[in-house]
Amino acid sequence: MQCQWPNNHPSQVSEVSLSNLEEQELTQPLEANPVHFKTQFVGYMEMYSDADTVANYLNAHQRWFCRCAAPMKTEAIGDNGYILTVGRFGSFGYDVEPKLAVVLEPSLNGVYDMHSIPIPDEPYLGYEVDYHASMSIKEIPSRLASPGLEKAFKKQKQAQVPEIITKVEWNLAMDVAVKFPKFIHKLPFSVIQKTGDRLLTQIVRQISPRLTYKVQEDFHKGQDLPVPTKNSRHLDKVDESSLEQAA
């Protein structure tokens, strides 16, 4: 099954002046040692229904994942896997179109794990993506929901506000190892590291909120429920200092 959206517009990020590198050829051999870029996030979204209904929806991801992942190109592999083409990103005059294959594991006690796998039948692309996300669902009283729940129901002319809703919480971590052409390594390593980490963070900030909203919209419209307001979904970057303190 192939799900593609042609309007996958490129994104460009330029952090430094490349005037001294413009003469370099991108066809130079890649360095043997990759540079690792990392980022980590936590987030949540609210679903205006009970946990069983939400779980049934999440379990049937084959029905909605490709649609909600747009405009990313998405190809289903097996029963629980997908190949995602994220878009075109670049820095230092070096562009890549990141692809990764992920598997959505069946839920275990209300916890869903999603992790990367090698892309089937794909040659080495100059980078490797190590992705892991964990998602859990729990019911909470509607009085603890983010502001706007009652207003959303009134706007849709539904007088009956649910007594409970479901909160979906997740964390995700990415480690991308990139082998650059030799000319990139003429830049200070600290500049490469800082720019790459920042670019990876930007990619997540672009994709995750859009995917979250589309999942909320798809679920609630399918259940004839009002779509939650913007403050019902949240995404935060986890600082390295916080990780060190936790360790």
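Trainee: Hi! Where does pLDDT stay under 50 in this one?
Mentor: Residues 1–27 are one such stretch, with 51 contacts beyond four places in sequence in the model. Keep in mind that this is a predicted model. Residues 243–247 also stay under 50, and there the model has two contacts beyond four places in sequence.

Trainee: OK, and what does the protein average for pLDDT?
Mentor: The average is 83, and 80% of the residues score at least 70.

Trainee: Let's switch to pockets. How much space lies in the second largest pocket?
Mentor: About 250 Å³. It has 14 lining residues, and those closest to its centre are Pro-118, Ile-119, Tyr-127, Glu-128 and Val-129.

Trainee: Which strands each supply at least two residues of that lining?
Mentor: Three strands do: β7 (99–104), β8 (111–117) and β9 (127–141).

Trainee: And how do the lining residues divide into nonpolar, polar and charged?
Mentor: Ten are nonpolar, one is polar and three are charged.

Trainee: Back to those strands. Do β8 and β9 run parallel or antiparallel?
Mentor: Antiparallel, with five bridges joining them. If you want a pair to find on screen, look for Asp-113, which stands opposite Ser-134 in β9.

Trainee: How many bridges join β9 to β10?
Mentor: There are 15, and this pair is antiparallel too. Strand β10 covers residues 164–178. One pair to look for is Met-135 with its bridge partner in β10, Trp-170.

Trainee: What about the side chains along a strand, where do they point?
Mentor: In a regular strand they alternate between the two faces of the sheet.

Trainee: Nice. Which strand does β3 make a hairpin with?
Mentor: With β4, and three residues sit between the two strands. Strand β4 is residues 81–85, and β3 pairs with β4 in the antiparallel sense over five bridges. Lys-73 stands opposite Thr-85 in β4. In the turn, Gly-78 has a positive phi of about 65°.

Trainee: Which residue has a positive phi although it is not a glycine?
Mentor: Asn-109 is one, at about 55°. You'll find Asn-109 in the loop between β7 and β8. Another positive phi, also about 55°, belongs to Asp-224, just after α4. For background, most residues other than glycine have a negative phi, and most peptide bonds are trans.

Trainee: So where is there a cis peptide bond?
Mentor: Look at the bond from Ala-70 to Pro-71, where omega is near 10°. Pro-71 lies in the loop between α2 (65–69) and β3 (73–77).

Trainee: Last one, about helix α4. Why should it span 50 Å?
Mentor: Helix α4 has 34 residues, 189–222, and the estimate uses 1.5 Å a residue, so 50 Å is the expected span. Its end C-alpha atoms are 49 Å apart, which agrees.

Conventions. Residues are numbered from 1 along each chain as its sequence is written. Side-chain values use heavy atoms; hydrogens and water are left out. pLDDT is the predictor's confidence in each residue, from 0 to 100. Contact means heavy atoms within 4.5 Å. On a 1 Å grid over the protein atoms alone, a cavity is a set of points where a 1.4 Å probe fits but cannot get out, and a pocket is an open set with protein on both sides within 12 Å along at least five of seven lines; lining residues have an atom within 4 Å of a point. Grid points are joined across faces, edges and corners, and a volume is the space filled by probe spheres set on the points. Helices (H or I, at least four residues) and strands (E, at least two) are DSSP runs, numbered from the N terminus. Ala, Val, Leu, Ile, Met, Phe, Trp, Tyr, Cys and Pro count as nonpolar, Asp, Glu, Lys and Arg as charged, and the others, Gly among them, as polar. Two strands pair if DSSP finds at least two bridges between them. The expected span of a helix is 1.5 Å times one less than its number of residues.
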